[in-house]
Amino acid sequence: MVNGEWAKFKTRDVSDGGFSFEFVNKDLRLKMNDQVEGIIYHENFPIKFKCTVARAVDTEPIWYGVVVKIDKKEDRDHYLQLIYDGENQFLSKEQDHWMTPFDELHLNVILRMKELERNATQFMRRR
């Protein structure tokens, strides 16, 4: 919901902390820290959310990154299921047999460190 009206959007990337998207109507614009609310569907279940714009890219294609807040547990469960049980273009279709458990642990640590860095950067920007 933008300016009191529903707007269609297409997700670009989804994670447990938020997602990025593009508006179908290219004339709609958001600014950093704008508060919006919306609905994403998972298997015909409406997931209601509120979010804050954390990133606004104004070069073509124009897209936004938002931090999501989901109040209801059932909505949160469906949101997480959408992320972790869904098939998407970013996940491999089969397991790489050359990946050892150590490689997976290393990748997990790197991703967690990047998340800590993002959180620290957001904290410092608020100060």
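Two aromatic rings of Phe, Tyr or Trp count as a pair here if their centres lie within 6.5 Å. Keep that cut-off in mind for the opening stop of this tour through a predicted model.

**Stop 1: the aromatic cluster**

Select F9, F19, F21, F23, F49 and Y64, and show their side chains: ring pairs link these residues into a cluster. By this rule the structure has 7 aromatic pairs. For a good example, zoom in on F21 and F23, whose ring centres are 5.2 Å apart with planes at 80 degrees, so this pair is edge-to-face. Are F21 and F23 buried or exposed? Switch on a surface to check: both are buried.

**Stop 2: a salt-bridge network**

Stay in the same region of the sequence and select R12, E22 and K26, which are linked in a network of salt bridges. Start with E22 and R12, whose side chains meet at 2.9 Å, N to O. This pair links distant parts of the chain, with E22 in strand β2 (residues 18-23) and R12 in strand β1 (residues 9-15), 10 residues apart. How exposed are the two partners? E22 counts as buried, at 15% relative accessibility, whereas R12 is partly exposed, with a relative accessible area of 32%. Now turn to K26, which also forms a salt bridge with E22; here the closest N and O atoms are 3.5 Å apart.

**Stop 3: helix α2**

How many salt bridges does the structure hold? There are 5, and another one to visit joins the side chains of E115 and R112, at 3.8 Å from N to O. Show helix α2 (residues 101-126) as a cartoon: E115 and R112 are 3 residues apart in this helix, so about one helical turn separates them. E115 counts as partly exposed, at 33% relative accessibility.

**Stop 4: the two sides of helix α1**

Next, select residues 73-84, which form helix α1. Its 12 residues reach 16 Å from the first C-alpha to the last, close to the 16 Å expected at 1.5 Å a residue. Which residues of α1 are buried? Colour D75, H78, Y79 and I83 to see them. Looking down the axis, you will find that they cover an arc of only 140 degrees, which puts them on the same side of α1. Give K73 and Y84 a contrasting colour, as these are exposed on the other side of the helix. To see what the buried residues pack against, display strands β1, β2, β3 (35-42), β4 (45-57) and β5 (63-69).

**Stop 5: backbone details in two loops**

Go to the loop between β4 and β5, where P61 is found. A cis peptide bond joins E60 and P61, with omega at about -10 degrees.

Then move to the loop between β3 and β4 and select E43 and N44. E43 has a positive phi, near 50 degrees, in a residue other than glycine. N44 is not a glycine either, yet its phi is positive at about 65 degrees. Both side chains are worth a look with the surface on: E43 is exposed, with a relative accessible area of 67%, and N44 is exposed, at 73%.

**Last stop: colour by confidence**

Finish by colouring the chain by pLDDT. The protein chain averages 84, and 91% of the residues score at least 70. Which element has the lowest mean pLDDT, and which the highest? β1 has the lowest, at 85, and β5 the highest, at 93. Where pLDDT is low, the predicted coordinates should not be read in detail.

How values were computed
Residues numbered from 1 in each chain as written. Heavy atoms only, no water. Salt bridge = Lys/Arg side-chain N within 4 Å of Asp/Glu carboxyl O. Helix = DSSP H or I, 4+ residues; strand = E, 2+ residues; numbered from the N terminus. Buried < 20%, exposed > 50% of the residue type's maximum accessible area, 1.4 Å probe, protein only. Phe/Tyr/Trp six-rings, centres within 6.5 Å; stacked < 30°, edge-to-face > 60°. Expected span 1.5 Å × (residues − 1). Arc of directions from axis to C-beta. Contact = heavy atoms within 4.5 Å. pLDDT = per-residue confidence, 0-100.
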